[in-house]
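Okay, thanks for coming, everyone. I'll put the model up first, and then we can walk through it together.

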Amino acid sequence: MVADRRPRPEGDPAERFAACEAAVCGCRPVVERAYRELVDCGRPDRHALEAATVVLRWHHPELDVPQAVQIVERWVVAEDRLH
């Protein structure tokens, strides 16, 4: 197994994800796309949420699962409200 090659940032999680919220990091659009495309293909919301969470955790391995799920849910619910 390959060791995680990315550094794990320290500090407040809210500060670390300010860049993600502002789309500076680049992970938010990818996470939202993963969710949206699976839902658009008829996959259950739960499966789309799980897949989007995996994508977020790939970009941010320092997150534990509950944190990642909370972030993904916030992003995709916000996206749904815009449409």
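**Starting from V72**

Let's begin with one residue: leaving aside anything up to four places away in sequence, V72 is in contact with V31, L49, A52, T53 and L56. And yes, before anyone asks, this is a predicted model.

So where does V72 sit? It's found in helix α5. Buried or exposed? V72 counts as buried because its relative accessible area is 0%, and the cut-off for buried is under 20%. There's also a C-alpha distance to mention here: V72 and E50 are 22 residues apart along the chain, and their C-alpha atoms are separated by 9.1 Å.

Now compare that with Q70, which is found in α5 too. Q70 has 52% relative accessibility, so it goes down as exposed, the line for that being over 50%. From Q70 to T53 you go 17 residues in sequence, and C-alpha to C-alpha that's 9.1 Å in space.

Okay, let's zoom out a bit. The chain has five helices and zero strands, so reading from the N terminus on, you just get α-α-α-α-α. There are 83 residues in the chain, and buried ones make up 29% of them. If you take the contacts with a separation of 6 or more, 53% of them come from residues 24 or more positions apart.

Next, the core. As a bit of background, nonpolar side chains in soluble globular proteins tend to be buried together. Here, the largest nonpolar core has 13 residues, and the ones touching the most other members are V31, Y35, L56, V72 and W75. Which elements give two or more residues to this core? Those are α3, running 27-40, α4, running 45-59, and α5, running 65-82. The largest share is from α5, which puts in five residues. And there's our V72 again, with V31 and L56 among the residues it touches.

Last stop, the α3 and α4 pair. In general, you describe two packed helices by the angle between their axes and the distance between the axes. For this pair, the axes come within 8 Å and cross at roughly 160°. Anything over 145 counts as roughly antiparallel, so that's what we call α3 relative to α4. As for handedness, α3 passes α4 in a right-handed crossing.

Who meets whom? On the α3 side you've got C27, V30, V31, A34, Y35, L38 and V39. Across from them, α4 brings D45, H47, A48, L49, A51, A52, V55, L56 and H59. Sort the residues of that contact by type and you get 13 nonpolar, two polar and one charged.

If you remember one thing, make it V72: buried at 0%, and in contact with V31 as well as L49, A52, T53 and L56. Okay, that's me done.

Notes. Residues numbered from 1 in each chain as written. Predicted model: local features only at pLDDT ≥ 70, side-chain atom pairs only at ≥ 80, totals over all residues. Heavy atoms only, no water. Core = buried A, V, L, I, M, F, W, Y, C linked by side-chain atoms within 4.5 Å. Buried < 20%, exposed > 50% of the residue type's maximum accessible area, 1.4 Å probe, protein only. Helix = DSSP H or I, 4+ residues; strand = E, 2+ residues; numbered from the N terminus. Contact = heavy atoms within 4.5 Å. Axes fitted to C-alpha atoms, helices over the stretch in contact; angles between N-to-C directions. Parallel < 35°, antiparallel > 145°, perpendicular 65-115°, else oblique. Left-handed = near helix turned anticlockwise from the far one by under 90°. Nonpolar A, V, L, I, M, F, W, Y, C, P; charged D, E, K, R; others polar.
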